[in-house]
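Student: I'd like to learn how to read a structure like this one, feature by feature. Could you walk me through it?

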Amino acid sequence: MNSNSYFTPRTKPLAQAVGLAAALASVAASAEPAIEEVVVTSQLREASQLDTPTSVSVLGAAAIETHGATNLEQLLNLAPNVNFSSGASRGRFVQIRGIGERSQFIDPVNPSVGLIVDGIDFTGLGLAASTLDMQQVEILRGPQGTVYGANALAGLVNMTSNAPSATPFAKVSAEAAQYGAHTLSAVISGPLSEQLSYRFAVQNQQSDGYVHNRYLGRKDTNNIDETVGRGKLRYQASDDLQLDFTVFYLDADNGYDAFTLDNSRNTLSDQPGWDRQETLAGAISSQWSGSNLFTLKSVLSAARSDTEYGYDEDWTHVGFHPWEYSSTDNYLRDRDNLSADVRLVSTDESLLFGGSTGWVAGVYLRSEEEALERNASFASQFDTDNAAIYGQLNSAIGARFELITGLRLEQRSADYADSLAVTSDTREDLWGGNITLRFSASDTTMVYGTLSRGYKAGGVNGRIISASAGNPDIGSDTFLFDTESMLNYELGIKGDWLENRLQAQVAAFYQDRSDVQAKQSIFNPEDFSFDDYLANAAGGHSTGIEAEVTFQASEALQLFATFGWLNAEFEDFISSTHVDARDDNTGETSLVSLDGRDLAHAPNYQFFTGAEYALTANLMFRVEVEGKDDFYFSNSHNEKSTVYELVNARLTYRGDDWDISLWGRNLTDETIYTRGFYFSNQFGNNPANGYAPEAYYQLGEPRVAGVSASYTF
């Protein structure tokens, strides 16, 4: 039998990558260098990644650069059990362990995954997640109920850019690639005085995108056009006081013309859409250690973001077909956010219980105003205020055990009003926390067990209330949705071995969710549209494993891999809006049980693996394979993505103060889907086939090759 017959076309890229890694490992003669230690900064106490008792991926500047990432969406596949959805110019919505929003149209959403950039809350604003001059990206999986509260039920993404340097530094970078892509960036940093230092970074990225609008004869209707600027000042006022100032600006004027009637990259829209965001934000961080009893840390941030999201609803042009319709949809959404976090961290002089227990106590305030205008015919205002107190105890139990207990109490108020006279005023008392037992099995191995609780606030489906008057399928039970909570049980092991050349972390978890907020959609026969709303499933559970391994096989060779396995399902969820609940011939609806069905955007497995090999002292070759199982696109229909494996490669030459790289992503040109819809109820979107029900997909990045270079002064 031919030995190659064991491999399908889908598994060959993975097999080839593993084979290459094995071949490179076989020539590794020595193994001297150690892997650099990584510090997690997003917890109440900073600690190395391998000493942090939670499942967290940390992607440093080297990983960001070698993967060619300019935005968070290009890094998410490197972390196990993390996914994203598009439906826009970028993948703006993140899911962790199968939990997270997939889109936002009319109604406001309560996010499940938080996004913090340099202390600024950008939750729900994925375009702001630029990797410009980024020091590291931390992706925390599981509820962060003690530290971050209501917006981190599923987890948190914390991004930290580089701090001002004590010595002069400057760097310019450029990149050019297929599809008219080019990026220019510059960074300058250094001291202004003995106490004051600065850092400024700016970047412009442009790309035509991967779509050809054949009706307009343009290849830039799904383009990227983003300018990002970041400025930082660090003032060392005294030996005890440090102040950090951050200013961030984003101007994104991206196109959105992604869907076609034949699921190709050739669109026919006569009114292509856009995905725009202008953001101005800032933060002031302080750290004062002038007391023997505590260290005072604080972050005060403010952000204003004006967004515009629009698209051609019919995906065609006037004159396409006699039965055609022509329509667009546009959302202007302005968001203002203020937050303050002040905490006291104990010192050695203020330990409790005979010097065995360190403590943290904090206060958190957040206020956000969100104004929406849709098509100049609908407007809404959604204002939220959060106030929380939180604390954590770290108690040493003997020489090897540590008990960590945390609690957060939060009050949330939400006021909603729209132009259709729908109003809602809610007040909630919420709580979350964690109990963690950490065991130092040896100087190089740590084992932990965690029980944590997360929560997400309830709310109102304003659009459904206003639409119910003309749609008998909409009942009053859909007007409101309740608070969701989750218990997370997690066991993990972390360590570094072989003189710190082998690092690994493995976590197994079970998550028990109550009153799961599940997005549903219902067809509106009055305007032939779909009205989205949130409903509470009785429950849900997720079981999974997450593993990350890095091995410095020799001075020349490093191997790395991550793997996630996930089984995320509904429990006792009865839906009347699922596509199977409606008879297209009679229009009658019935109830469909989704008990045991996988959650949307929750693939059963995903992986990332590769090798980096120094061919010479200056020449480096890197190969990666990333893969993902298929997954449902929605809770309202059965369409799925495709299973895929992508191969990426990069060849880099480094001089004394410059480098140049040749790279390629998706080298086998696999077709991947980042968003999917199913148009049913005798109303598809194609007049040429009588508007028959059918599925439509947004395509991900095809094969792309390019060159990158940088010069450091």
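Student: Let's start with strand β24: what does it take to call its residues buried?

Tutor: Buried means under 20% relative accessible area, exposed means over 50%, and partly exposed is in between, using a 1.4 Å probe and counting protein chains only. In strand β24 (residues 445-456), nine of the 12 residues are buried, so the strand is largely enclosed by the rest of the structure. Helices (H or I, at least four residues) and strands (E, at least two) are DSSP runs, numbered from the N terminus.

Student: Before we go on, what kind of model is this?

Tutor: It's a predicted model, where local features need pLDDT of at least 70 and side-chain atom pairs count only at pLDDT 80 or more, while totals for chains, interfaces and linings use all residues. Residues are numbered from 1 along each chain as its sequence is written, and side-chain values use heavy atoms, leaving out hydrogens and water.

Student: Fine. Which strands pair with β24?

Tutor: Two strands pair if DSSP finds at least two bridges between them. β24 pairs antiparallel with strand β23 (residues 423-442) over nine bridges, and Thr436 has Thr450 of β24 as its bridge partner. Just two residues separate β23 and β24 in their hairpin. With strand β27 (residues 484-497), β24 makes 12 bridges, also antiparallel; there, Thr445 is partnered by Gly495 of β27.

Student: What is the strand order in the open sheet that holds β3?

Tutor: The order is β3-β8-β9-β6-β7, five strands with mixed pairing. β3 (56-60) and β7 (120-121) are the edges: each has a single partner strand, so one side of each lacks a neighbour in the sheet. β3 runs antiparallel to β8 (residues 134-141), joined by five bridges, and Leu59 is matched with Val137 in β8.

Student: Val137 again! Which residues touch the most other members of the largest nonpolar core?

Tutor: A nonpolar core is a set of buried Ala, Val, Leu, Ile, Met, Phe, Trp, Tyr and Cys residues joined through side-chain atoms within 4.5 Å. The largest here has 43 residues, and those touching the most other members are Leu72, Leu115, Phe122, Val137, Ile139, Val157 and Met159. Another core, of 20 residues, lies apart from it and includes Phe259 and Phe382.

Student: Now salt bridges. What's the general idea?

Tutor: Side chains of opposite charge can pair when their charged atoms come close. The cut-off is a side-chain nitrogen of Lys or Arg within 4 Å of a carboxyl oxygen of Asp or Glu. The whole structure has 34 of them. In one, Arg366 meets Asp121, with the closest N and O atoms 2.8 Å apart. Arg366 lies in strand β20 (residues 357-374) and Asp121 in strand β7, so the pair ties together parts 245 residues apart in sequence.

Student: Are those two residues buried or exposed?

Tutor: Arg366 counts as buried at 9% relative accessibility, and Asp121 is buried too, at 8%. Asp329 and Arg374 form another salt bridge, at 2.8 Å from N to O, and both of those residues are buried.

Student: And where do Arg665 and Glu701 sit?

Tutor: Their salt bridge has its closest N and O atoms 3.0 Å apart. Arg665 is in strand β36 and Glu701 in the loop between β38 (694-699) and β39, 36 residues apart.
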